[in-house]
Protein chains: 2
Amino acid sequence: MITIDYSLAMAEAVGTAGGLRDPELEAEGKAFERAVRRVVDEAKAGVLGFFGLPEDPSTLRAVDDFAASVDERIADVLVLGIGGSSLGTRAVLHALGGPPELGLTRRRLHLPDNSDPWLLAALLGRLDPSRTLVVAVSKSGGTVETAAQLLVVRKWLADALGAAEARARLVYVTDPSRGPLREEADAEGIRAFDVPPNVGGRFSVLSSVGLLPARLSGLDAAGLLEGAAQMAEACRRTELRDNPAGILAALHVLHHRLRGRSVHVLMPYADALRPFAAWWVQLWAESLGKRRDRQERVVETGPTPIPAVGATDQHAQMQLFMEGPRDKLVTFIEVAEPGADLTIPESSGAFAYLGGKSLAEVLEAELRGTAQALAEDGRPSLTVRVARLDARSLGALFFLFEAATAFAGELYGIDAFDQPGVELGKRLASGLLGRPGYEEAGSEVREAEQSRPSRHRWNG
Amino acid sequence: MITIDYSLAMAEAVGTAGGLRDPELEAEGKAFERAVRRVVDEAKAGVLGFFGLPEDPSTLRAVDDFAASVDERIADVLVLGIGGSSLGTRAVLHALGGPPELGLTRRRLHLPDNSDPWLLAALLGRLDPSRTLVVAVSKSGGTVETAAQLLVVRKWLADALGAAEARARLVYVTDPSRGPLREEADAEGIRAFDVPPNVGGRFSVLSSVGLLPARLSGLDAAGLLEGAAQMAEACRRTELRDNPAGILAALHVLHHRLRGRSVHVLMPYADALRPFAAWWVQLWAESLGKRRDRQERVVETGPTPIPAVGATDQHAQMQLFMEGPRDKLVTFIEVAEPGADLTIPESSGAFAYLGGKSLAEVLEAELRGTAQALAEDGRPSLTVRVARLDARSLGALFFLFEAATAFAGELYGIDAFDQPGVELGKRLASGLLGRPGYEEAGSEVREAEQSRPSRHRWNG
C-alpha cells in the first residue's frame, strides 16, 4: 500500500555532505529500538492512546450508529474546533471528499477554525439552521475559541428552532468525564462522543474527532482505521530499517543532528493532500518544538516544518529549496494512480509533445525531475509513495506520520506529547478578556504596551 | 491606512539578544539609501516594472472595459495559471470576496493551479461551458502546467460550443509580444492582456494578472491600485525609518545577519489573509533564496518564510515559535475593524466572562497576548496594522511587501528578480515527457533512478 524510497537521502546517491552514510543510520538502531519499545510499552500501558486507536472498533460503531440516525434532511455539518480538533478533519475531507468548494460529499462540512468571525459570520448568514448539525470539538472542553463560537451558534440555532430543538442539533466531542463541554452535555442531555484522555489533540484524527465528521459526510471512516491498523503493525517493529515510521523519524533526526538540516519540508504531489501537509505541520511543530528535554535541561530545540505542494510549489518555494541554505530535507508524497485524470489533446504548437499524455503523467514527471534536480546538487529527499489515495492509504499515512513523530520525540530526547509553550499567551489573552482570576495578566499586557516607545512605530 | 509597530523587534523591549539596538538599525541607513535609490532608479529606467504598476491607469481601463463587455450569463471564471499567475489572484479573492466556498462574488472564480488533475477534472465535470470564461495566465506563455490545462479546457469548450465560440471564451494574459500564448492569440484573434516584460510573475498581482480576475468577480480593482499608489509614495523615501518597506526589509535582514534569525513568519490574524501569506511565501522564498550574490560568488542564502494564521496557529505552530530555536522573527498583521463580527451571548457557565464581547475582540486579545508572550521570552515580533481589510489596504499591503522584498534583495546583495534554480528540474521533467531536444535529460533521470540501491527502500 505504501513504500518509502529514501535512497536520495543517503550518501551513496547524493554524496556525504548531502546524505547519510549507512553506518550513521545503523548507529541509531539501538536508540531506535529503545524508542519503539518505550512507545509501544506506553501504548500497552494505556499512557499513550493514539497507537491503539486503529484497533478499537467501539468508536467506529458509535459513530456509524449515530450517523445512520441523523435525519436525511440535514445537509450541512458545522464543525467548531481549532488546531488538532480541525486539521485532521480537513485533511480527511479534502483527500476523500473531493474539492470541498464543489460540495461533492453527502453532506457539506464547514470548518470555521478560528476566532476570526469572517467565515463563521458568512456561514451563519447562508446556512439553514433547520438543515444544519453542529459538532463542537474540544478535548478539554475549555478552548476559548471553540467555546465562543459555540455560544454564538447555539443562539443562532435556538433563535430559529427553539431551545429544545437546538439542543438536538448539537453534538459534542470531548473528554469522557470532565470539562465544560462534558458537564453541559451531561446536564442538558446533549449527545457527546469521547476523546480518550490519553490521546492528544494533534494525535486524535483517528478518534471520534476525525471519524464523526468523516462519517457524517459519507466518507469511509472504517477504511481509515483499517489502513491505520495495517500501518500500526509495521510501526511496532524494533529493527529500524523494517519500521517505516522509524525510517522517517531517524532520517529527519539524523539529518538534523549530523548535517544541520533543521528545516523539514513535506511536499505531496497531490492537491488533495494540501491540508494533510498542514495537519503534519502542527503535528511536527507542536510535538518536537520544545524548550526542555526529558531531563528538564533547557535545549530550545525543534525542526521547522514547511508545507508545500507539487507541482505548484515548483513555482513558489522550489527556488529556495534548490539554491538556498543546505538546511532542508524534503519528503515527497507520490500518489501512483490518480483519482481522476485528464488526457491532453493533440495539438500542433509548442506543446505538441504533450498530446496523448495525461495531466497525471505531467505531474509524475515533474516530481521525478524535481527529486533528481535536488539530488544532482547534493540536496536530499525521500519519497513516500501510495498506490492510490483512498481511505485505507490515508489512514496509513496518518498513522505513519504520527508514529514517526512519537519516535522522533524519543530520538530528540524530548516529550512529544505536551505543549507548555502556549499557556502564557492564553493567560495574557484571558486577562485582556476579563476572565476572573486573570486580572493581573491583563494589566501586565496593557502596561507593557504603554511602555513601548513610539519611535519604533511607523505611521504613514 | 497602515501602521507598523516594530517596538517588539527592538532591544529596548525584548533585550539585546532578542531585539536590535537602535544604532544597529541606524548603521544600515546608508546601505538602505543606496538600495532604495537603485530600486527607484531601475523603476524609472523601466528595468523594474512592479514599482510603477499602481500609477498606470491603462491596464485598469482595459480590464474595466473588457469586464463590462462580458455577458451577464457568464457565472464562472476558470483561471489557469500557477505560482505568480495564481497566488496573488487567490489572495485578492479571499481578502475581498469573502469565503470562496460560499460563492459570494459576482462570478465564481476557480483556480486549479496545479498539473494535478484533481480539481480541474472535478470542475470540468460540474461547470457549464456555456456559462464559463477561461483566463489563461502565463507571462512566458511556455509554462507547461498551464499549457497542458489550456489544451484540455479548450477542447472541453470546443466540444460543447464549437471551435469559434470556444475561442470567444478564452482570454490570455501574457507577454505583449512573444511566447506561445501571444502567438496563438495573434493568430486566432483571441483576446489577450499584457504582462509587462519588466514585471516578474511574483510581482505581477497589480498588473492584469490580478486585476482582470478581480474585476471579473466584481471586486474593486481600482481600489487595489489606489492603495498601492499611496503606499508606493512612502516606499520611495530614502530615510530608512520613514520608509515602511525599508523598515520591514531592514528588520528582517538585520535580524538574520546579526541575530541568526533565518526563519521569517508571516502571521495575519485574519482568515481572509491566509492566501496573502501564501502569496508572500513565494515572493520571499523565490526572490531571496539564491545560490549566488550580485558578484556571482556562491552564497547559498535565503531566509525561510513560514505562513501562519492567528489565532488558529496558536494551536499549531505557536508552541515551536515560543519554545523552539531562537531563529524566528514573526510579523503579525492586525486588522483593526473586522469586516463582519458576531457578538457572544451571555451565558452562565465557564465562559460567562465572554458574554457581550465579540469574536473580533477575542481575536484581538489573542494577538496582543501572543505578541507579549513572545516578547517576555525575548522573542521578537512586529505588527503591521491595517484599519480595515478593503481593496485599498490590500493593495497597500501587496505593494508594501513587494517593495520590502526588493529592498531586502539589495541588502542581502542578491538579485531578487530571477529564479535560475528551477530550470534544472523543468529540463529533467521535459525530458521525461519526451519534449524534443530534451531526450538526454530524460535518459539522465531514468539512469539515475535505476542506479538507486534497493536497500534504501521500505516496501511494507
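These exercises, with worked solutions, treat the interface, the cores and the backbone of a predicted two-chain model.

Local features need pLDDT of at least 70 and side-chain atom pairs count only at pLDDT 80 or more, while totals for chains, interfaces and linings use all residues. Residues are numbered from 1 along each chain as its sequence is written, chains are lettered from A, and side-chain values use heavy atoms, without hydrogens and water.

**Exercise 1.** State how much area chain B and chain A bury between them, and what the side of chain B consists of.

*Solution.*
- Start with area. The chains bury about 12,300 Å², 64% of it on carbon and sulfur atoms. Buried area is the accessible area (1.4 Å probe) that two parts lose on being put together, summed over both.
- Find the main contributors in chain B. Trp118(B), His456(B) and Trp458(B) lose the most area to chain A, together 8% of what that side buries.
- Count residues. Each chain gives 143 to the contact (heavy atoms within 4.5 Å).
- Count charged pairs. There are 18 salt bridges between the chains (a side-chain nitrogen of Lys or Arg within 4 Å of a carboxyl oxygen of Asp or Glu). One joins Arg457(A) to Asp5(B), with the closest N and O atoms 3.7 Å apart.
- Locate the largest share on chain B. Helix α15 (residues 359-376) supplies 12 residues; helices are DSSP runs (H or I, at least four residues), strands likewise (E, at least two), numbered from the N terminus.
- Divide the side of chain B by type: 69 nonpolar, 36 polar and 38 charged. Here Ala, Val, Leu, Ile, Met, Phe, Trp, Tyr, Cys and Pro count as nonpolar, Asp, Glu, Lys and Arg as charged, and the others, Gly among them, as polar.

**Exercise 2.** Describe the largest nonpolar core and follow the contacts of Leu354(A).

*Solution.*
- Take the size. The core has 134 residues. Such a core joins buried Ala, Val, Leu, Ile, Met, Phe, Trp, Tyr and Cys residues through side-chain atoms within 4.5 Å.
- Pick out residues with the most contacts inside it. Among them are Leu78(A), Tyr172(A) and Leu354(A).
- Follow Leu354(A). It touches Ile344(A) and Val362(A), and also Val144(B), Ala148(B) and Leu433(B), not counting residues up to four places away in sequence.

**Exercise 3.** Locate the cis peptide bonds at Ala311(A) and Ala311(B), and examine Glu296(A).

*Solution.*
- Recall the background. Most residues other than glycine have a negative phi, and most peptide bonds are trans.
- Read omega. Gly310(A)-Ala311(A) is cis at about -5°; Gly310(B)-Ala311(B) is cis at about 0°.
- Place Ala311(A). This residue is in the loop between β10 (304-307) and α14 (318-323) of chain A.
- Turn to Glu296(A). Its phi is positive, about 70°.

Methods: Buried means under 20% relative accessible area, exposed over 50%, partly exposed in between (1.4 Å probe, protein chains only).
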